[in-house]
Amino acid sequence: MNPPELPDDAALFLDFDGCLVEIAARPDAIVVPAGLPDLLRDLFRRQGGALALVSGRSIADLRRYLPDFPGAMSGSHGAELSLNGGDTETAHGLDLDVAALHRDAATLSATEPAILIEQKPHGVVMHYRANPGLRHRAEEIAGELLSRYAGLVLQPAKMAIELRPDGVGKDKALIRLMSDPPFRGRRPVYIGDDLTDEVAMEAAQRLGGFAIKIGSGKTGARHRLGDPAALAAWLSDGVRS
Ligand SMILES: O=P(O)(O)OC[C@H]1O[C@H](O[C@H]2O[C@H](CO)[C@@H](O)[C@H](O)[C@H]2O)[C@H](O)[C@@H](O)[C@@H]1O
């Protein structure tokens with residue numbers, strides 16, 4: 001079902017890859033649409049500052065692509081939080097030797113150069129988009145890492161498998177942000193495209209707001225838009241209304 005207009009009293013939560021930017025061959029090959037920074041600034045003003053990016057990427061990575069983003073950021077699937085340009089807080093208490101995790105991931109995948117290892121501050125991703133036939137091998141490596149490092153869980157993603165800290169999530173990031181101004185008292189609207197977004201979509205709907213799924217695939221969201229271009233058009237209409 002098509003989404004309604006962006007409500008004046010919405011608190012807006014936006015996923016990044018597959019929503020604001022098109023999926024690309026590699027994490028570093030994405031292209032930020034020319035109008036996106038201005039659109040986000042306009043939305044920030046329209047929603048009274050109640051605008052957040054909620055991404056699987058780290059906050060440092062998001063800032064490389066959107067250096068002037070004025071809103072809150074949740075990164076690494078809820079493991080990191082930054083309020084309106086402020087310092088990045090960690091949302092878990094796991095004592096993880098992340099450098100060792102990255103080293104082990106590289107060693108285990110050394111025989112499969114088509115598996116791209118993405119090092120993240122709270123985990124690691126095995127990307128197999130370059131050769132989807134390597135999905136099973138990537139999952140094996142992820143399983144081996146899981147057995148070596150306590151406190152991590154598997155996070156399946158688009159053509160990728162990730163290890164992230166247990167107990168964090170995009171739903172928890174949304175609920176945390178909704179508890180304080182400028183989000184508190186508003187209607188949460190969550191927009192995402194991937195499995196990691198589903199819990200946050202459910203949370204937004206449970207809290208009296210709504211969720212929009214971008215693209216195809218099974219979802220608990222009650223609304224859907226076809227692709228990032230359709231989302232940009234819907235957001236731009238919202239700014240103009
Ligand atoms: O929560 P998101 O903002 O949607 O981030 C999810 C993951 O996005 C990135 O990986 C995905 O996008 C890449 C670029 O389009 C693509 O090459 C890859 O196959 C996708 O899985 C990012 O690299 C991950 O760290 C994020 O968790």
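A polar side-chain atom of Ser55 lies 2.7 Å from an oxygen atom of the ligand, and this contact is a useful place to begin reading the structure, which is a predicted model. Around the ligand there are 22 residues, and the closest of them are Ala24, Ser55, Gly56, Lys158 and Lys170. The points below start with the ligand, then turn to two pairs of helices, and end with two details of the backbone.

**The ligand and its surroundings**

- Lys170, which is listed among the closest residues to the ligand, places a polar side-chain atom 2.7 Å from an oxygen atom of the ligand.
- In the side chain of Arg129, an N or O atom is found 2.8 Å from an oxygen atom of the ligand.
- Taken alone, the ligand would expose 570 Å², but the protein buries 98% of that area.

**Helices α5 and α6**

- Helix α5, covering residues 170-178, packs against helix α6, covering residues 198-206, at an angle of about 35°, and their axes are 7 Å apart.
- When the handedness of this pair is considered, α5 is found to pass α6 in a right-handed crossing.
- On the α5 side the contact is made by Lys170, Asp171, Leu174 and Ile175, while α6 contributes Val199, Ala200, Ala203, Ala204 and Arg206.
- Sorted by class, the contact between α5 and α6 has 6 nonpolar and 3 charged residues, with no polar residues.
- Lys170 therefore deserves a second look, because this residue takes part in the contact of α5 with α6 and also has a polar side-chain atom 2.7 Å from a ligand oxygen atom.

**Helices α3 and α4**

- The axes of helix α3 (residues 98-108) and helix α4 (residues 135-148) come within 10 Å and cross at roughly 145°, and this crossing is right-handed.
- From α3, the residues that make the contact are Leu101, Asp104, Ala105 and Leu108, and from α4 they are Arg137, Ile141, Glu144, Leu145 and Arg148.
- The contact of α3 with α4 has 5 nonpolar and 4 charged residues, and again no polar ones.

**Details of the backbone**

- The peptide bond that runs from Pro181 to Pro182 is cis, with omega near 0°, and Pro182 belongs to the loop between α5 and β10, the latter covering residues 187-192.
- Ser76 has a phi near 50°, which is a positive value in a residue other than glycine, and Ser76 sits in the loop between β3 (72-75) and β4 (80-82).

Key. Residues numbered from 1 in each chain as written. Predicted model: local features only at pLDDT ≥ 70, side-chain atom pairs only at ≥ 80, totals over all residues. Heavy atoms only, no water. Axes fitted to C-alpha atoms, helices over the stretch in contact; angles between N-to-C directions. Helix = DSSP H or I, 4+ residues; strand = E, 2+ residues; numbered from the N terminus. Left-handed = near helix turned anticlockwise from the far one by under 90°. Contact = heavy atoms within 4.5 Å. Nonpolar A, V, L, I, M, F, W, Y, C, P; charged D, E, K, R; others polar. Near = heavy atom within 4 Å. Polar contact = N/O pair within 3.5 Å; in protein donor to acceptor, adjacent residues only side chain to side chain. Areas by Shrake-Rupley, 256 points an atom, 1.4 Å probe, with all protein chains shown as cover.
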